[in-house]
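Student: Please pick one part of this model and take me through it closely. I want the contacts, the geometry and the cut-offs behind each term.

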Amino acid sequence: MSRFFTTGSDSESESSASGDETAPKAPGGPYSKPLLLSEDEEDTKRVVRSARDKRYEELTNLIRSIRNAMKIRDVSRCLEEFELLGRAWTKAKGVVDRDGVPRFYLRILADLEDYLNELWEDKEGKKKMNKNNAKALSSLRQKLRKYNRDYEGQIAAYRQNPEQSDEDEEKSRRDSEGSGSSSGAEDESGNFLKRRERDEPRGRYKEEESESESESDEDWGDSASESDSESDEDDGKFTSLASKFLKKDEERRGAERRREEKAKKKLERKTRREEEEEEEEGGEWEKVKCGVPLGQEKPKMFAKGTEITVGLVVKKLNEILQARGKKGTDRAAQIELLQHLVAVAHEHNLGVPLELKIKFNIVASLYDYNPNLAAYMKPELWQKCLGCIEELLELLFAHPEIFVGENVLEESENLSNPEQPFRVRGCVLTLVERMDEEFTKIMQNTDPHSQEYVEHLKDEARVCRIIARLQRYLQGKGSPEELCRVYLRRVLHTYYKFDYGAARRRQRTDGQTDGQAGQTDGDIAKDVKEEGKEKEEGQKDKQEEEGKEEEEGQKDGGKEKEVEEEEEEEEDSEALMERLCRFVYAKDRTDRIRTCAILCHIYHHALHSRWYRARDLMLMSHLQDNIQHADPPVQILYNRTMVQLGICAFRQGLIKDAHNALLDIQSSGRAKELLGQGLLLRSLQERNAEQEKVEKRRQVPFHMHVNLELLECVYLVAAMLLEIPYMAAHEFDARRRMISKQFHHQLRVGERQPLLGPPESMREHVVAASKAMKTGDWRRCHRFVVNEKMNGKVWDLFPEADQVRAMLVRKIQEESLRTYLFTYSSVYDSISMETLAAMFELDLPTVHGIISKMIINEELMASLDQPTATVMMHRTEPTATQNLALQLAEKLGNLVENNERVLDQRQGAYGGYFRDQKDGGYRKGDGYLRRGGFRQERSNY
């Protein structure tokens with residue numbers, strides 16, 4: 001060994017020993033020339049690293065893997081790498097005990113803890129995690145918290161100054177290692193620490209971190225290249241091997257200078273990037289549309305200089321329509337292209353048939369804008385659709401020579417040849433029907449308590465005008481089937497509307513007929529003048545409305561006036577409904593349209609208090625026999641019609657008919673669902689989400705709803721007027737049946753209340769009135785049924801509210817009289833009819849008629865004394881003891897009957913009770929007509 005190496009460390013002597021053996025001595029002195037290495041040794045350079053560098057490199061690789069997993073939110077991978085990091089840290093325990101815990105290790109522990117806390121607090125993100133990541137998150141969080149307890153003080157110190165560099169630490173390490181470490185190992189450890197210095201602060205796991213890692217990688221490469229270049233240059237400089245491996249101050253200063261330059265460059269890049277981001281944020285966002293680039297073709301629909309003909313436009317139309325329905329098609333751009341194509345056809349005067357064909361496709365594209373059936377049109381598309389259909393009808397009215405039909409084939413269309421009749425493929429009736437359905441969907445999906453609903457409801461007048469114009473068009477050119485379809489659309493928009501004008505005219509006529517006998521000629525003249533003034537005011541109002549409608553954008557004012565004049569010529573909605581429905585009854589070949597027309601006609605009669613016509617039409621149609629086989633929308637219409645029939649009967653004072661009509665709907669407890677006015681909770685009925693969507697599409701719009709509280713009040717009041725007298729008449733009857741189960745349920749609810757205060761709800765008012773009627777106190781009953789609160793909730797909602805209230809008072813008086821006679825007849829020997837008339841404020845003939853009916857129907861055992869106008873009671877009703885004895889005898893008879901039946905089943909023959917006393921006549925239908933007949937019938941089977 002050379003004597004020079006006696007001062008070096010063991011590692012230096014080992015690293016330079018191999019070079020000592022092969023280097024020849026120069027003649028001019030020892031080591032006067034650089035060492036000459038063979039080509040093999042130059043190609044394969046050996047790097048000698050200490051145990052500390054190996055352990056730190058292993059830790060660094062694991063930390064890099066953890067950071068990569070943190071960027072992609074792979075918590076399970078973080079857990080695996082953290083466990084490997086713990087094992088590697090255990091292996092490096094010797095190095096750590098000597099040098100202390102490195103800052104890069106504290107940094108990863110702090111960053112990982114912050115990262116896990118951030119994920120744990122993100123509730124929405126935790127819900128979106130898969131099962132493995134969620135499980136790994138909780139376990140890794142617990143392990144890391146337990147692991148960090150050993151380094152709490154060091155992590156806290158790091159958090160106070162996370163930007164502190166590791167240069168002091170590096171210098172102390174170098175000093176502790178001394179000059180014995182090799183230059184390669186020293187450079188690698190130094191570069192490793194440099195790379196960790198350049199990392200961004202904790203808490204950022206995005207572009208900055210990746211950029212710092214890429215720069216650190218560059219530093220590694222730069223240091224390696226620099227060391228290679230320096231080794232090449234130094235081969236000629238150094239005269240001795242020892243001087244080459246000794247550290248120089250210039251090299252250190254150069255390395256520090258290079259670090260400072262790179263830090264400045266990095267800071268400049270960061271500031272430049274922040275400025276660019278600020279500029280981008282300050283600019284405006286531009287909305288980019290997806291789909292096929294149809295919008296780009298709009299400005300160049302046709303090439304310049306191209307002669308635009310009908311065939312060319314039709315070809316372009318077919319090209320646009322080919323993209324219809326395909327995935328990725330921009331439907332809005334398609335509609336714009338078609339509108340531009342219409343403008344081109346109109347500009348070049350290519351003919352009305354071509355414009356009609358394109359407009360048909362525009363309306364169809366508007367309907368296809370929402371591929372989902374449940375979705376409804378946006379307001380701007382809806383207005384555009386109405387405008388297109390109105391333009392279509394204007395063109396059809398202006399050019400009656402053009403034949404439009406859905407049976408016209410595309411090959412047989414004639415769009416440009418004037419010598420032959422023009423033929424265009426399309427069906428305007430289908431478009432109008434779809435428009436009506438879209439209007440219903442818009443009303444179904446709009447909040448009924450918002451101003452938006454009112455704005456949409458204003459469009460119904462426009463929809464009705466379009467249907468009326470289509471009706472006029474088809475009356476000249478349509479088939480009876482098409483006329484039936486358009487008539488049904490007109491009926492469906494008319495049947496539920498109350499005609500206030502017709503009601504006022506009828507009241508005026510009734511008033512004139514009633515007071516005509518006492519009127520003078522002057523009074524008649526005054527009435528005529530008043531009617532003339534009213535007519536003039538009505539005409540002025542109509543003219544103002546017409547002016548407003550024209551200002552709103554109606555183009556064809558003359559034709560709209562014709563439609564309005566035609567409607568004015570008709571007497572009222574009754575005549576219109578009669579004419580339309582009679583045509584459907586005669587010409588329709590499908591049961592559904594005729595059934596809907598009959599139900600709408602009945603509903604309209606009932607709404608306008610034409611009870612007998614509505615009842616007769618319902619009975620003649622026999623719809624109640626097979627309505628269960630109809631589709632759900634028709635069943636909903638049938639339920640609505642029956643409810644309106646019941647309310648009409650109630651207004652007319654026909655309490656029993658009203659109760660019978662409302663019984664099925666109210667007894668089910670699902671009136672809201674049966675009338676198509678809402679859905680029950682999913683928990684109360686088994687249905688999936690798809691069925692719920694289908695049922696929502698069947699709902700009736702809010703402006704067509706029947707008031708459910710009014711409906712229930714009418715039913716309960718009718719049940720009270722029927723049930724209370726019946727309960728009083730059959731107080732001791734064991735087989736007394738219930739007329740209304742719902743009414744009895746409300747009575748039981750009222751009786752179970754521990755504290756009875758003044759009634760608040762509608763049901764409580766009816767229960768309180770029923771209790772008052774039981775005692776015959778009709779005044780208190782009247783106060784509970786007719787008061788300010790009930791008027792506001794129920795009675796004022798009727799068109800003729802005063803007449804309904806007067807009818808209620810009369811019915812309460814009559815039924816209270818009957819209840820009083822049933823309850824207290826056993827107390828009286830005789831009672832004067834004048835006393836009863838004064839007690840219930842009824843006239844004497846009415847009291848006489850009520851008592852006579854009760855005597856004739858054997859409800860009251862009494863007789864009338866005409867000279868004295870007195871009711872003489874006959875003591876034939878059993879007393880309370882006798883009633884109990886009768887009930888006991890009846891129950892004993894039932895018991896004997898059951899015993900005989902059981903005995904017959906055991907013995908196989910009938911007992912003497914049926915044979916001797918009843919001669920087998922217990923049940924004629926079951927074979928008890930004669931002895932042994934039951935067996936004979938069974939033997940026939």
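Tutor: A residue counts as buried under 20% relative accessible area, as exposed over 50%, and as partly exposed in between, with a 1.4 Å probe and protein chains only. By that rule Thr870 is buried, because its relative accessible area is 14%. Thr870 will be our centre.

Some ground rules come next. This is a predicted model, in which local features need pLDDT of at least 70 and side-chain atom pairs count only at pLDDT 80 or more, while totals for chains, interfaces and linings use all residues. Residues are numbered from 1 along each chain as its sequence is written, and side-chain values use heavy atoms, with hydrogens and water left out.

Where does Thr870 sit? It belongs to strand β5. Helices here are DSSP runs of H or I with at least four residues, strands are runs of E with at least two, and both are numbered from the N terminus. Strand β5 covers residues 870–873.

Now the sheet. Three strands form an open sheet in the order β3-β5-β4, with antiparallel pairing. Two strands pair if DSSP finds at least two bridges between them. Strands β3 (830–832) and β4 (862–865) stand at the edges with a single partner strand each, so one side of each has no neighbour in the sheet. Neighbouring strands are turned by 20° against each other on average, direction ignored. In general, strands of a sheet pair through backbone hydrogen bonds, either parallel or antiparallel.

Take the β3 side. Strands β3 and β5 run antiparallel and are joined by three bridges. Ser832 has Thr870 as its bridge partner in β5. Ser830 has Met872 as its partner there.

Take the β4 side. Four bridges join β4 and β5, again in the antiparallel sense. Asp865 stands opposite Thr870. The hairpin of β4 and β5 has four residues between the strands, and in it Ala869 takes a positive phi near 55°.

So much for the bridges; what else does Thr870 touch? Contact means heavy atoms within 4.5 Å. Leaving aside neighbours within four places in sequence, Thr870 contacts Ser830, Ile831, Ser832, Met833, Ser863, Leu864 and Asp865.

Next, the helices. Axes are lines fitted to C-alpha atoms, for helices over the stretch in contact, and angles run from 0 to 180 degrees between N-to-C directions. Helix α40 (residues 833–840) lies across β3, β4 and β5, at about 60° to β3. Helix α41 (residues 844–856) lies across β4 and β5, at about 140° to β4.

Glu834 is a useful marker in α40. Its relative accessible area is 53%, so Glu834 is exposed. Glu834 and Thr870 are 36 residues apart in sequence, yet 8.3 Å apart in space, C-alpha to C-alpha. A second distance goes to His848: 22 residues from Thr870 in sequence, and 9.8 Å in space, again C-alpha to C-alpha.

Step back to the chain. It has 44 helices and five strands. Buried residues make up 40% of its 941 residues. Among contacts between residues at least 6 apart in sequence, 66% join residues at least 24 apart.

Last, some rings elsewhere. Phe, Tyr and Trp rings (the six-membered one for Trp) pair if their centres lie within 6.5 Å; planes under 30 degrees apart are stacked, over 60 edge-to-face, and the rest tilted. The structure holds 18 aromatic pairs. One is the edge-to-face pair of Tyr453 and Phe702, at 6.4 Å centre to centre and 85° between planes. This pair links distant parts of the chain, 249 residues apart: Tyr453 is in helix α20 (residues 451–457), Phe702 in the loop between α33 (689–697) and α34 (708–729). Tyr453 is buried at 3% relative accessible area, whereas Phe702 is partly exposed at 38%. Another pair, Tyr820 and Tyr824, is tilted, at 4.9 Å and 50°. Both lie in helix α39 (residues 801–824), four residues apart, about one turn of the helix. Tyr820 is buried at 12%, and Tyr824 is partly exposed at 30%.
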